[in-house]
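User: Please take a close look at how the strands are paired in this model, and describe in connected form the residues that deserve attention along the way.

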Amino acid sequence: MINPLLGQLLAVARDAAKLIARHYEEGFEIGYKGPNDPVTSADQAANALIVSQLSAILPHIPIVAEESDPATFANYRKAERILFVDPLDGTRDFIRRNGEFAVMIGLYEEQRAQLGVVFAPVPGVAWLGSVGEGAWRVEGDGEPMRISPTTTARLADADLLVSRSRSAEGIAKASALLGVASVTRMGSAGLKGAKIADGSSDLYLSPGVAGQRWDACAIDAIVTAAGGRFGDSHGHPLNYRDADLSNRSGLLASNAELFDAALERLAAHRSQQPT
């Protein structure tokens, strides 16, 4: 049984996912916030819906949402609880119509990412987690099913998830660096994190700048709640009160067995680079 607040976050994410699915089927407008940084009418509509509903459920809690005016969450660092929202994670994949995009809602409290929901509008599947209570996968309007990461113990046997935007050369380098058995490309940080939590893959690495805190909070909570491990590419927990919202040190998520081994490979690689 999931706790009531997590259930409310799931309901909000489901409403946003249904709205996004309508845009996906009926058409949407595309704009640009910067070079190679698209935003669609679906992003904006989902952002407005999520912020409105979360404000009713958890009034007076700052909502750090990707498409909101930063002035609306200017004092988030001082709050005891903070909501992080990516209304449509994987906008480029949404535009490409490959189905690899998701709604992400995470709640930070007690000095950690505590609750998380990732909802994939296509095909209508959600992953959710509450640290200390567990993690679940929900198909459509079905019952939550408990999930857990893989038990793969060796990098040589592991599957690594990387961004769909990675080049063939980049994939080859990532494979050689970690010594994994296979590499799978996928859009949406949320979906990649969810696949680690539910045991569909073993390891997710984004070594460079990996989006913003709203790309991390939900999967941080879900992977941790499922029994996996999550941090930046140096193994450090993310500071959700940082004035800089960028994930500048990358992201790493894995089952419990592979995290330290991956960090050792990454550290050894950095030590060989010229300073």
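Analyst: In this predicted model, strand 8 and strand 9 (residues 145-146) run antiparallel and are joined by 2 bridges. Within this pairing, Trp-136 has Arg-146 of strand 9 as its bridge partner. The hairpin that these two strands make has 5 residues between the strands, and Gly-140 adopts a positive phi near 60 degrees there.

Strand 8 (residues 134-139) also pairs with strand 7 (residues 125-130); this pairing is antiparallel and comprises 6 bridges. Here Ser-130 is matched with Gly-134 of strand 8 as its bridge partner. The hairpin of strand 7 and strand 8 has 3 residues between the strands, and in it Gly-132 takes a positive phi near 90 degrees. In general, the strands of a sheet pair through backbone hydrogen bonds, in either a parallel or an antiparallel manner.

A further set of strands forms an open sheet: 5 strands in the order 11-10-12-14-13, with mixed pairing. Its edges are strand 11 (182-186) and strand 13 (229-231), each of which pairs on one side only. On average, neighbouring strands of this sheet are turned by 15 degrees against each other, direction ignored.

At one edge of this order, strand 13 runs antiparallel to strand 14 (residues 251-254), and 3 bridges join the two. One of the residues involved is Gly-231, whose bridge partner in strand 14 is Leu-252.

Strand 12 (residues 203-206) contains Ser-206. Ser-206 counts as buried because its relative accessibility is 18%, and the limit for that class is under 20%. Apart from its neighbours within four places in sequence, Ser-206 is in contact with Gly-250 and Leu-251. Of these two contacts, Leu-251 falls within the residue range of strand 14 (residues 251-254), and strand 14 stands beside strand 12 in the sheet order 11-10-12-14-13.

Towards the other edge, the loop between helix 4 (168-178) and strand 11 holds Gly-179. Gly-179 has a relative accessible area of 27% and is therefore partly exposed, a class that lies between the 20% and 50% limits. When neighbours within four places in sequence are set aside, Gly-179 is in contact with Leu-155, Ala-156 and Arg-265. The C-alpha atoms of Gly-179 and Asp-159 are separated by 10.0 Å, the two residues being 20 residues apart along the chain.

Terms used: Residues numbered from 1 in each chain as written. Predicted model: local features only at pLDDT ≥ 70, side-chain atom pairs only at ≥ 80, totals over all residues. Heavy atoms only, no water. Pairing = 2+ DSSP bridges. Helix = DSSP H or I, 4+ residues; strand = E, 2+ residues; numbered from the N terminus. Buried < 20%, exposed > 50% of the residue type's maximum accessible area, 1.4 Å probe, protein only. Contact = heavy atoms within 4.5 Å. Axes fitted to C-alpha atoms, helices over the stretch in contact; angles between N-to-C directions.
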